[in-house]
Amino acid sequence: MLDAIELQVVTGALRAACEEMGVVLTRSAHSSNIKERRDASTALFDPRGEMVMQAEHIPVHLGAMPAAVAAVLPERHRPGVSWILNDPFAGGTHLPDITVITPVFAGGELLGFAASRAHHADVGGRVPGSMPADSRTLLEEGVVISARPLDEPAIEELVARMRQPAERRADLRAQLAANQTGALRLSELAHRLGAARLREATDAVLDYSERRTRACLAALEDGTFTAVDVLEAPEGDLELRLQAVLAGDRLILDFAGSAAQHPGNLNCPLAVTRSACLFAVRALTDADIPSSAGAHRPIEVRAPEGTVLNARPGAAVAAGNVETSSRVADLVLAAFGRALGQGTMNNLTLGNRSFSYYETLGGGQGACPEADGPSAVHVAMSNTLNTPIEALEREFPLRITHYALRRGSGGAGLHRGGDGVVREVEALERMTFSLIAERRRHPPPGARGGEPGERGHDELDGRPLPGKVSGTLEPGQRLRIETPGGGGFGHV
């Protein structure tokens with residue numbers, strides 16, 4: 001039995017190992033999406049596939065990563081043999097998010113797994129960036145990788161099917177390096193504590209996270225809470241419904257009645273829906289609770305198969321991972337009376353034969369009961385950084401002609417919502433673009449009398465664009481994106 005001090009020491013060691021994995025990954029990667037935006041996540045798992053710790057990286061990655069480890073768990077594992085996958089219906093989220101999983105051994109005994117997930121700037125989809133706004137099948141979105149061993153021949157085979165293979169190769173090797181770092185730190189803990197004591201310690205961390213989460217849920221008012229919102233599909237709105245039942249220290253999140261599977265790409269696998277729910281519950285409880293599978297035990301997520309929140313294999317999912325996940329988190333937060341943030345990642349991909357570029361854009365966060373919402377931040381399911389203008393203009397045939405706060409876009413209230421941003425990109429070469437964004441028709445709502453934030457708005461050379469659109473930019477053309485503001489909280 002671990003005492004309180006030893007539990008905190010082990011928790012800190014596991015958290016530090018995950019953070020170090022993230023540093024190795026971002027500093028070793030070549031693509032700006034990983035090294036600048038840090039669109040990547042790392043975690044450690046026990047031999048049963050339970051996540052014992054994660055770094056505070058990308059919520060949509062981390063809540064869904066246990067499904068990736070579960071996909072390889074039945075395989076025969078050997079020292080030095082890592083695994084790779086991105087299949088959204090067998091452990092993945094959407095195709096650009098590639099997961100690498102490395103088993104960790106000590107004296108022939110399996111200690112656990114080190115895992116990393118990174119959004120690759122291209123995976124061989126129909127358009128550069130592999131995030132088409134109008135895809136209707138999974139195969140249009142890129143190379144589908146079912147769980148397979150990862151070695152140099154596998155890397156060469158996969159990157160040959162993707163754009164900028166040298167960059168893809170370097171990023172995959174960076175993920176392997178990150179996993180090796182995590183494996184080393186887990187092995188050192190086993191050497192210091194003994195393998196049996198390490199298993200006891202990781203079990204204690206899981207149980208501690210569960211106890212803390214249950215205590216936070218028990219402190220909330222019991223009841224049944226509902227929320228309704230929409231996804232802005234090109235052909236019309238898709239309604240999403242949530243019934244949240246909180247009874248004591250257990251929470252059921254039921255999405256029955258939500259829209260049927262979408263013929264486009266707003267679908268997501270159940271792992272993504274679950275990931276968004278787990279993020280929202282974390283925001284409602286205590287951020288100091290260790291980020292482990294134990295914190296997920298009191299939460300049950302239900303979404304009928306064949307709906308947009310639990311799509312069947314083969315469905316297009318490029319927007320589901322980024323936009324639908326954002327709306328799921330919004331539903332949970334709204335059900336518990338929170339003002340909502342921008343509710344979109346404002347996904348932009350640009351590219352031609354020589355480059356592929358992907359970024360998400362920050363916006364306004366919803367106001368809190370005690371404070372204004374922050375401005376110009378990557379909120380909720382994204383949590384990435386901004387791509388610095390200097391790095392972008394040095395590496396790509398692009399010029400940023402305007403980048404500023406979108407002042408006044410946050411909703412009014414006793415506490416104001418945060419402001420969005422305005423970002424205008426000028427093409428210096430001919431290239432394709434794809435924009436996938438939400439909150440262009442419906443603003444982010446406030447709470448308790450607070451006003452909604454401003455809707456997002458997009459233009460090409462001054463001509464308005466829909467929220468989901470693909471096209472071509474000629475040299476000199478400018479794409480302008482104005483991101484939503486957050487909702488306000490309380491009557492003025």
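How many bridges join strand E11 to strand E15, and which way do the two strands run? Select residues 347-351 (E11) and residues 431-436 (E15): 5 bridges join them, and they run antiparallel. Strands here are DSSP runs of E with at least two residues, helices are runs of H or I with at least four residues, and both are numbered from the N terminus.

Before moving on, note that this is a predicted model, in which local features need pLDDT of at least 70 and side-chain atom pairs count only at pLDDT 80 or more, while totals for chains, interfaces and linings use all residues. Residues are numbered from 1 along each chain as its sequence is written, and side-chain values use heavy atoms, with hydrogens and water left out.

**Stop 1: the antiparallel sheet**

Within the E11-E15 pair, pick Thr349, which stands opposite Ser434 in E15. Now widen the selection to the open sheet of 4 strands, ordered E12-E11-E15-E18 with antiparallel pairing. Two strands count as paired if DSSP finds at least two bridges between them. At the edges are strand E12 (356-359) and strand E18 (468-473), each pairing on one side only. From one strand to the next, the twist averages 10 degrees. Angles run from 0 to 180 degrees between N-to-C directions, with axes as lines fitted to C-alpha atoms, for helices over the stretch in contact.

**Stop 2: the mixed sheet and its helix**

Select E7, E8, E9 and E10 next: these 4 strands form an open sheet in the order E7-E8-E9-E10, with mixed pairing. Strand E7 (223-233) and strand E10 (299-302) are the edge strands, and each pairs on one side only. Neighbouring strands of this sheet are turned by 15 degrees against each other on average, direction ignored. Between strand E9 (residues 250-254) and E10, which run parallel, there are 4 bridges. Leu251 stands opposite Ile299 in E10. Add helix H9 (residues 320-335), which packs on the sheet and touches E7, strand E8 (236-247) and E9. The direction of H9 makes about 150 degrees with that of E7. Contact here means heavy atoms within 4.5 Å.

**Stop 3: salt bridges**

Stay on E9 and E10 and show the side chains of Glu300 and Arg250, which form a salt bridge with the closest N and O atoms 2.5 Å apart. Glu300 lies in strand E10 and Arg250 in strand E9, so the pair ties together parts that are 50 residues apart in sequence. A salt bridge is a side-chain nitrogen of Lys or Arg within 4 Å of a carboxyl oxygen of Asp or Glu; by this rule the count comes to 44. Glu300 is partly exposed at 25% relative accessibility, and Arg250 is partly exposed at 40%. The classes are buried under 20% relative accessible area, exposed over 50%, and partly exposed in between (1.4 Å probe, protein chains only).

Go to Asp237, whose salt bridge with Arg441 has its closest N and O atoms 2.8 Å apart. Asp237 is in strand E8 and Arg441 in the loop between E15 and strand E16 (457-460), so far apart along the chain that 204 residues separate them.Both Asp237 and Arg441 count as partly exposed, with a relative accessibility of 36%.

Then select Glu156 and Arg169, whose side chains meet in a salt bridge at 2.7 Å, N to O. Glu156 lies in helix H5 (residues 152-159) and Arg169 in helix H6 (residues 165-193), so the pair ties together parts that are 13 residues apart in sequence.

**Stop 4: a buried acid without a partner**

Select Asp87, in the loop between strand E3 (82-85) and strand E4 (97-106). Asp87 is buried yet has no salt bridge, and the nearest side chain of opposite charge, Arg117, is 10 Å away. For charge, Lys and Arg count as positive and Asp and Glu as negative, while His and the chain ends are not counted. Not counting residues up to four places away in sequence, Asp87 touches Gly92, Val144, Ile145 and Ser146.

**Stop 5: Leu150**

Leu150 is in strand E6 (residues 148-150) and counts as buried at 7% relative accessibility. Display its contacts beyond four places in sequence: Ser82, Trp83, Ile84, Val100, Ile155 and Leu176.

**Stop 6: cysteines**

Where is the cysteine sulfur closest to that of Cys268? It is in Cys277, 9.6 Å away, too far for a bond. Cys268 is buried, with a relative accessible area of 0%. The structure holds 0 disulfides, a disulfide being a pair of cysteine sulfur atoms within 2.5 Å.
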